[in-house]
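Me: I would like a close look at one part of this model. Please take me through the enclosed spaces and what lines them.

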Amino acid sequence: MGKHMLKRIDLIFKNEHDTDAILQKIFKRSNEDLINDLIGSGLKGRGGAGFPTGLKWKLTSEAEGDEKYVICNADEGEPGTFKDREILSQVPHKVLTGMAACGRIIGAKKGFIYLRGEYNFLKPDLQKEIDNFHTTLKSLKSDFRIEIFSGSGAYICGEESSLMESMEGRRGEPRNKPPFPTEIGYLGKPTVINNVETLAHAWTIFKYGPKKFRDLGVQDSRGSKLFSVSGDTPVAGIYELELGMSLQDFVDDFGDGDTKAVQVGGAAGFCVPRKKFRETAIGYQGKLTGISLPTGGSMMLFNSSRSMYNVLKNYLEFFEEESCGQCTPCRVGCQQLLEGVEAVKRGDKPHHYLDKLMRLTETMKLTAKCGLGQSVANSFSSIVENFREEMIY
Amino acid sequence: MTDIQELVTGLVEKHGRKRENLLPILQGVIEKERSVSDFAMVEIAKQMGISAADVYGTATFYSFMDTEPRGEYVIRICKTITCFMKGKNQILLALEDALKIKLGETTPDRKFTLLETNCLGWCHKAPAMLINDEIYTDLTIEKVHEVIGEYKNK
Ligand code: SF4
Ligand code: FES
């Protein structure tokens, strides 16, 4: 461990169980007040996309609809990400409270937790929590109800519109956007869909007020965030840190002394080589100097013993398998990228074939229908650009 | 009525005929049978009033909805990046050795099926595997033999 010691935060996992009191407090206040707190806190979606949470709730509360829904996205599938599982097993009541608050604000009677199939073992305990929570809600005269919906092993279902397709009993293929779920979501009704961590942060904001959250972080990246740290690190695990840290500080604390690259944001994210650690900050796009990388929280460290070719190949195999196949740039693109890097490595294609593949990722970025196909370009080009010789020899 | 028909009827009654209940119904069949056969899919289609092709198209989209016969215990070893870095290949060899089958196969007594899967969300404790819904992490060759030994005696 380095000497910097990043500021560790303890909001999410802090052992606080005053659910009844918080709920009472929430239900006493007006919807406008609550929304203003969320907007004032600067909270952005913690699944990776970073849409302002308060605005999402506001839009859905204003949308026309006889029925509305709240969905907690617990389809945590990004390789290298494991924070939501920990939230759901340690502080599920915070997530449930966030959902109930959202339900009150937007006027929904029903909430769902879309739990990835890989986490089925969480179900019995989570169901018990939900049952207790329903009793509390009843005593507060709220008829909001929460149900668990199990996924069945499809990475793309973490994308909100495919998640809803899947809940409607179909293949989890992303929908065209717009319309957005705030207008037309689950069963065609206005829907708020939030990541597990986002809902847990809402709890903190309603309990402590927006300032406590807003005081953390920098500029457009406010608050704390859970990071899932894995790979070549002596301290793999889950950590709550302030947004806006530099990657250098992160590596000083979490690296193994020999870190040559960090993949920020999982397979769909960016690979940052050692020479760019200092200029790279972790947060949402904003006016930070240098590069600012958004992330759902996955941080994978690689030391010099790793072949970045193997890393890229593993990512591409992942995408090729998890592409929903709906649009050609992604379906065929992923296959071509994988075959392409293998051919260059074998010597069946010349070095400059890599440039062709780079152009292909640009096309995918522009023409793929959803974030999956678009983000393949991130890991591909950041690895090929920075570790080109490893792709060839 | 066959067992499968009875199972499907029960599930359809429990969840309802609406399209949005298709996944829970398919999951119910898999929980019982470990996979969903053509026969089961046709039966679901009939009872829910949708086409069998539609049920098939949906089921095959999801990696945990096996449409081929599987063993009583389905072992899924994670092959994604961190598990790969932390020696997933040796773990796979150990599993093949303990079960005397290759990846993708089912033991002749239909007790075990060995598959690979993508990230299980335990990358900080890689390598990881799932046996049905049970998770096993920080795998070593010894641990694999120990765990499989326990399952063999079940
Ligand atoms: S980009 Fe890929 S995952 Fe997204 S819709 Fe197209 S094929 Fe499906
Ligand atoms: S890479 Fe295997 S559990 Fe995440």
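How do the residues of the shell around ligand 1 divide into nonpolar, polar and charged?

Reply: A caution before the details: this is a predicted model. The shell around ligand 1 divides into 8 nonpolar, 4 polar and 1 charged residue. In total, 13 residues surround the ligand. The closest are A:Cys324, A:Gln326, A:Cys327, A:Cys330 and A:Cys370. Four of those names are cysteines, and cysteine counts as nonpolar in this classification.

Now the space itself. Ligand 1 takes up the largest cavity. That cavity holds about 90 Å³ of space. Its lining is made of 14 residues. Closest to the cavity centre are A:Cys324, A:Cys327, A:Cys330, A:Lys369 and A:Cys370. Two elements of chain A give two or more residues each to this lining: α12 (328-346) and α14 (371-386). By class, the lining has 8 nonpolar, 4 polar and 2 charged residues.

The count comes to 2 cavities of 30 Å³ or more. The second largest has a volume of about 40 Å³. Both chains contribute to its lining. From chain A come A:Pro79 and A:Gly80. From chain B come B:Cys78, B:Thr80, B:Ile81, B:Thr82, B:Cys83, B:Cys119 and B:Cys123. Helix α5 (residues 81-85) of chain B gives the most to this lining, with 3 residues. The class split is 6 nonpolar, 3 polar and no charged.

The cysteines of this second lining also appear in a record. An unreviewed UniProt entry carries the annotation "binding site" for B:Cys78, B:Cys83, B:Cys119 and B:Cys123. These residues are spread over 46 residues of sequence. In space they cluster, with a largest C-alpha distance of 9.3 Å. The lining of the second largest cavity includes B:Cys78, B:Cys83, B:Cys119 and B:Cys123. The annotation comes from the record, and it may be inferred rather than shown by experiment.

Take one of them, B:Cys119. This residue lies in the loop between β2 (112-117) and β3 (129-131) of chain B. B:Cys119 has a relative accessible area of 4%, so it counts as buried, the cut-off being under 20%.

To put the two spaces side by side: the largest cavity is the space taken by ligand 1, and its lining includes 2 charged residues. The second largest cavity has no charged residues in its lining, and its lining includes the annotated cysteines of chain B.

Key:
Residues numbered from 1 in each chain as written. Chains lettered and ligands numbered in written order. Predicted model: local features only at pLDDT ≥ 70, side-chain atom pairs only at ≥ 80, totals over all residues. Heavy atoms only, no water. Near = heavy atom within 4 Å. 1 Å grid on protein atoms, 1.4 Å probe; cavity = no way out; pocket = protein on both sides within 12 Å on 5 of 7 lines; lining within 4 Å. Sits in = over half its atoms within 2 Å of the grid points. Points joined across faces, edges and corners; volume = space filled by probe spheres on them. Helix = DSSP H or I, 4+ residues; strand = E, 2+ residues; numbered from the N terminus. Buried < 20%, exposed > 50% of the residue type's maximum accessible area, 1.4 Å probe, protein only.
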